Amino acid sequence: MAVPQLYYFDLRGFGEYIRLLYLDNKIEFEDIRYNTGGEEWPEVKKKMIFGQMPALKHNG
Ligand SMILES: N[C@@H](CCC(=O)N[C@@H](CS)C(=O)NCC(=O)O)C(=O)O
């Protein structure tokens, strides 16, 4: 089964609640983090469905 992919910045913020839900329920997920204010984010943002994070990809 595909592992959900969680995209968020390398900080707690909104994404931390989702990480904790997965961790508390022992559900495997991929924790994909981008540096806040890093060079990567403007390019990644263009590819995000809503242009913001947290974003969750599950089964494509
Ligand atoms: N869409 C979310 C908010 C998401 C949001 O504000 N994400 C921020 C980080 S907490 C973000 O992606 N900021 C970067 C950007 O907008 O370029 C909501 O309505 O609750």
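How many Å separate a polar side-chain atom of Lys45 from an oxygen atom of the ligand? The separation is 2.8 Å, in a predicted model whose local features need pLDDT of at least 70 and whose side-chain atom pairs count only at pLDDT 80 or more, while totals for chains, interfaces and linings use all residues. Residues are numbered from 1 along each chain as its sequence is written, and side-chain values use heavy atoms, with hydrogens and water left out.

Two further polar contacts (pairs of N or O atoms within 3.5 Å) involve ligand oxygen atoms: a polar side-chain atom of Trp41 lies at 3.0 Å, and an N or O atom in the side chain of Gln52 at 3.1 Å. On its own the ligand has 510 Å² of accessible area (Shrake-Rupley method, 1.4 Å probe), of which the protein covers 52%. Strand 1 (5-9) and helix 2 (41-47) each give two or more residues to the surrounding shell; helices (H or I, at least four residues) and strands (E, at least two) are DSSP runs numbered from the N terminus. Tyr8, Phe9, Phe14, Trp41, Lys45, Gln52 and Met53 surround the ligand, each with a heavy atom within 4 Å of it.

Strand 1 also has a place in the sheet. Four of its five residues are buried (under 20% relative accessible area, 1.4 Å probe, protein chains only), so strand 1 is largely enclosed by the rest of the structure. Strand 1 runs parallel to strand 2 (residues 30-34), joined by five bridges, and antiparallel to strand 3 (residues 55-57), over three bridges; pairing requires at least two DSSP bridges. Tyr7 has Ile32 as its bridge partner in strand 2 and stands opposite Ala55 in strand 3.

Definitions and conventions. A polar contact is a pair of N or O atoms within 3.5 Å; within protein, one must be able to donate a hydrogen and the other to accept it, and residues adjacent in sequence count only if both atoms are side-chain atoms. Buried means under 20% relative accessible area, exposed over 50%, partly exposed in between (1.4 Å probe, protein chains only).
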